[in-house]
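Trainee: Please give me a close look at one part of this structure, the matter of disulfides. Then connect it to whatever else is worth examining.

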Amino acid sequence: STACRRLQSSLKPHPLCARSSSSPGATAGMSEQNTPSSDQALYQAPPSVRGMTVLDREAFTQTVTVPALLVPTGLVNRALKSLKKLTLQRPGVKRVVEEEGCGETHKLVLLDPRVSSLDAIAGTGLQDLGVASEIRHFALRLTYDNLRSEEVLRAVLPDGHDVTSGFSRVGHIAHMNLRDHQLPYRNLIGQVIMDKNPGVTCVVNKTNSIDSTYRHFSMELLAGEDNMVAKVRENGLLYEFDFSRVYWNPRLSTEHERIVSQLRREDVVVDVFAGVGPFAVPAARRGCAVFANDLNPESFRWLQHNSRINKVTDKVTAFNLDGRDFIRGPVRDLLPDLLRAKTSVHVVMNLPALAIDFLDSFRGLLAHEPGVGVACEGTLPRVHCYSFSKDDAPQRDVVRRAAASLGAELDGVCSVHMVRNVAPNKEMLCVSFTLPKEVVFSDTHPKPSAKRQKLEEGTAS
């Protein structure tokens, strides 16, 4: 309308990145037709937030200028569809806003800050409709709520310091692994992570390495509620556990599924380091009989709990033993009858830091049952043993170490699966093989490796 055009021509430019002290939330200012001064980013934090250790959300509020198109109301949906990624993408900010003085006849479509001329929207078809006659500029008020976590942390941490916003999500818990230079800002970082990730109500930071005995680590609460009992869904199953007392890695869901997919109904699964049941429970749901063990009393308790809530208690028999005692006790007692019945048995050993050292427990495991050896031809257990490696040739390294512990050659009779990269120059792998007959029925008794013996002495002291 004529009134609309007169109002637009009378608008004065809004200052780029002018401070605002009004209430939180993205609110729209007026548009103006003068070209704004160049800006490398939509949002440039005020210098006052640098070094902040207690979060002040109001300090991040600013007004910025963004390009916009004046579009007839009836064509707004077509304009959004045609422009696609050329529109403004910002948390909590509407892409279509009212233009004062235009009533219901026209709306402003906010554009990506990198759109500086009509050339950027050539080919969208909007000019043919008479929509894109010029690029306008719109003063948009941004608050903390409209910023991404990376933007907030980059503004706060000292120049040149790494900005982290990555974390592992375990139910309502965000688990971080902060570096030393980030520790002075840890509570602020925790609050930002909680603010920017719906459903996260607790943020913790790992304060030491994983305890090799019970496989859990100490952690510090950074923000939110002090509630470490997590509820997690993985591959369609529910798990509950105290994250501060047990081991759980959300990055292993694909690996859990990979192993379980190899199982057939009526197979038997022996899980030596079962944790809270990420292998044991889905294996039981698949119809397998599962014998699951963990040394950590908390893991043992939650393993039983997870068996109950997933309705597989009739399939899971749980033990609370050292892995070596489990193999040379209950497993040794079970194997003869299973092998005579030619039952397919899978042994899972997911303790990457130490599992290989437990392979010598299979030496002479059934030396007292020489008659079973004849009956079990071709049905010896299949072992899936996990390990870390920092070697330049990690696959060769884990095969060599597994063979040394087992006391049998594995080259050519095993497979190695690369599970994940844990850290620079550190891989997690799974070596799978059928237990050699000459190992299981030999009369060689295992001797603890130097690494295992040192661990046991440290634990006992």
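Mentor: The structure holds 0 disulfides, a disulfide being a pair of cysteine sulfur atoms within 2.5 Å. This is a predicted model, in which local features need pLDDT of at least 70 and side-chain atom pairs count only at pLDDT 80 or more, while totals for chains, interfaces and linings use all residues. Residues are numbered from 1 along each chain as its sequence is written, and side-chain values use heavy atoms, with hydrogens and water left out.

Take Cys385. The closest cysteine sulfur to its own belongs to Cys430 and is 7.5 Å away, which is too far for a bond. The statement from the other side agrees: Cys430 is in no disulfide, and its nearest cysteine sulfur is that of Cys385. Cys385 counts as buried because its relative accessibility is 0%; buried means under 20% relative accessible area, exposed over 50%, and partly exposed in between, with a 1.4 Å probe and protein chains only. Cys430 is buried too, at 1%.

Next, the annotated positions. An unreviewed UniProt entry gives a "binding site" annotation that covers His256, Asp294, Leu295, Asp322, Gly323 and Asn350. Such positions are given in the numbering used here, feature names are shortened, and annotations may be inferred rather than shown by experiment.

His256 has its place in helix H5, residues 253-260. Helices (H or I, at least four residues) and strands (E, at least two) are DSSP runs, numbered from the N terminus. With a relative accessibility of 5%, His256 counts as buried. Once neighbours within four places in sequence are set aside, His256 is in contact with Glu234, Asn235, Pro278 and Phe279, where contact means heavy atoms within 4.5 Å. Of these, the side chain of Glu234 is joined to that of His256 by a polar contact of 2.6 Å. A polar contact is a pair of N or O atoms within 3.5 Å; within protein, one must be able to donate a hydrogen and the other to accept it, and residues adjacent in sequence count only if both atoms are side-chain atoms.

Gly323, also covered by the annotation, lies in helix H8, residues 323-340. Gly323 is buried as well, with a relative accessible area of 5%. Leaving out neighbours within four places in sequence, its contacts are Val272, Phe273, Asn293 and Phe358.

Two of those contacts, Phe273 and Phe358, lead to the aromatic rings. Rings of Phe, Tyr and Trp (its six-membered ring) pair if their centres lie within 6.5 Å; planes under 30 degrees apart count as stacked, over 60 as edge-to-face and the rest as tilted. By this rule there are 6 aromatic pairs. In one of them, Phe60 and Tyr144 have ring centres 5.9 Å apart and planes at 55°, so the pair is tilted. Phe60 lies in the loop between E2 and E3, and Tyr144 in the loop between E6 and H3, so the pair ties together parts that are 84 residues apart in sequence. Phe60 is buried at 0%, and Tyr144 counts as buried at 3%. As for Phe273 and Phe358, their ring centres are 5.1 Å apart and their planes stand at 75°, so this pair is edge-to-face. Phe273 is in the loop between E13 and H6 and Phe358 in the loop between E16 and H9, so the pair links parts 85 residues apart in sequence. Phe273 is buried at 8%, and Phe358 at 2%. Elsewhere, Tyr239, Phe241 and Trp248 form one aromatic cluster.

Now a strand. E5, residues 106-110, is mostly covered, with 5 of its 5 residues buried. In a regular strand the side chains alternate between the two faces of the sheet. In E5, His106, Leu108 and Leu110 point one way and Lys107 and Val109 the other. E3 (residues 62-72) runs antiparallel to E5 and is joined to it by 5 bridges; two strands pair if DSSP finds at least two bridges between them. The bridge partner of Pro72 in E5 is His106. E4 (residues 96-98) is also antiparallel to E5, with 3 bridges, and Val96 has Val109 as its bridge partner there.

Finally, the whole chain. The protein chain has 12 helices and 19 strands, and buried residues make up 49% of its 461 residues. Among its contacts between residues at least 6 apart in sequence, 72% join residues at least 24 apart.
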